[in-house]
Amino acid sequence: MRIPALFVLLGFIRSWECVETRGKRYDGYQVIRVESPSINNTEIGNILHLYEVDIWRNPSISCASFDVMIRPQDLSSMTSNLDRAGAKFHSIVTDVQKLIDEERKPASRGRRRRDSGSKFLHVYHPYEEIRRWIRHFARINADIVRLVQVGITYQGRKIIAAKIGVPRGADKRVVWQDGGIHAREWISGASLMWVMKRLVRGYRQAEPDIVRYLQEMDWYIVPIWNVDGYRYTWTSNRLWRKSIGPKGSYGCFGVDLNRNFDTKFTGEGSTSSRACSDVYRGTHPFSGVESLSVSRFLQRKKGKIAAAITLHSYSQFWLYPYGYTHLQSEDENDLRSLSSRVVRAIFASNQTFYMYGSVENLAYQVPGSSVDWAHDALCVKYSFAVELRDTGTHGFILPARYINPTAKEYFEGLRVVADHVVDLPVEELKSSSCKQRGT
Ligand SMILES: [Zn+2]
């Protein structure tokens, strides 16, 4: 089931981003869930086209509905139109600004605590505080943590990974994890900082599996990939998704870095060639400084990467390639089998239900994404994209009280992946498509 009409529309909506002002507020904005039994319902698509809306969650095979944020001035007219079209819908967020305000409350208390305090990781933080915390974390754990610059942003900021592992020469395999490629998905970065601390704590307390993970593998963890965009979500617009870059047509700027990779770049699906779209793919593959610089770093690790996991929100999906095609990866059986064990571990941890499958089959068609690029170009068999909590109650504005449980259950899934790849022969870590190409 597809909704090509809606994807086309995604290129036209969100033009209001072009005229936003600093500290954009979302008073009275609502998120409604539109049940769409026929996803190809173009009548609904045509109604959306009349308004400046923000699609929070696309319709998918696993969920025949979508979440859309509506401006208060459009609410009455748009819902009347949806009513007339016979669409079923209900409000899932009644005031977006209220969620944003609540989200920041605990953060202001948390910032008064010492950066190294355990509560620090239970709240969200501006980038400068994250950077300070990571530096401090590396300093006090210098025997096993080193900071590595893996890229650079358009505004000249360093993209930093914490490399966690017991130093043991250059032949160690690598586990790569990144968050915050989409600026507004704060839970991804917060979860990865939690994972960093959890790995080090496990090592200090001599937990046998974690000691082994750190002896056998180097863990590269990038909590915030899209640093400029993340800062922008704190200073100007909490719901900014793209990178920051030079202004293009209509004064719009930034690219969706997760549409900017060199894998079916101009393919069909959730992508756009229009600069004002939230899923703008850019002018050419790797036109984003952030995707280009990090991809170059990763190319240098090619052949060593045992697993690559990119974190997003929201939906509670554990996804694997492909996103750009409905065709299965040659590694589908292995990816499916491992993912099934991952989601069971997540459920056992917190009774949180995650679904698993390929991006295209479970979620929707996505060309130019990093999860496919890692699989095809980097030859990483175990390449995953994870959509963390929740399923729409708060969407991107997940309250800070959920950081701990979200990170904890993710970590249980991560353990399953680590257990699987830590001892596999190197040849079995390579994606089958690369084996056939002989790369
Ligand atoms: Zn995302």
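Me: What covers the buried residues of α5?

Reply: The cover includes β5 (145-152), β6 (158-164), α6 and α8 (227-235). This is a predicted model: local features need pLDDT of at least 70, side-chain atom pairs count only at pLDDT 80 or more, and totals for chains, interfaces and linings use all residues. Residues are numbered from 1 along each chain as its sequence is written. Helices (H or I, at least four residues) and strands (E, at least two) are DSSP runs, numbered from the N terminus.

Me: Which residues of α5 are buried, and what puts them on the same side of α5?

Reply: Y127, I130, W133, I134 and F137 are buried, that is, each has 20 or more other C-beta atoms (placed from the backbone) within 10 Å of its own; 12 or fewer means exposed, and in between partly exposed. The buried residues cover an arc (of the directions from the helix axis to the C-beta atoms) of only 120 degrees, so they share one side of α5. On the other side, E128, R139 and I140 are exposed.

Me: Why does A206 count as exposed?

Reply: A206 has 8 C-beta neighbours inside 10 Å, so A206 meets the limit for exposed. A206 lies in the loop between α6 and α7 (208-216), and its phi is positive, near 55 degrees, although the residue is not glycine.

Me: How do you know where the largest nonpolar core lies?

Reply: This core has 124 residues, where a nonpolar core is a set of buried Ala, Val, Leu, Ile, Met, Phe, Trp, Tyr and Cys residues joined through C-beta atoms within 7 Å. Domain 1 (4-95) and domain 2 (104-437) both contribute residues, so the core lies between them; the bounds come from an automatic or database domain assignment.

How values were computed: Contact = placed C-beta atoms within 7 Å.
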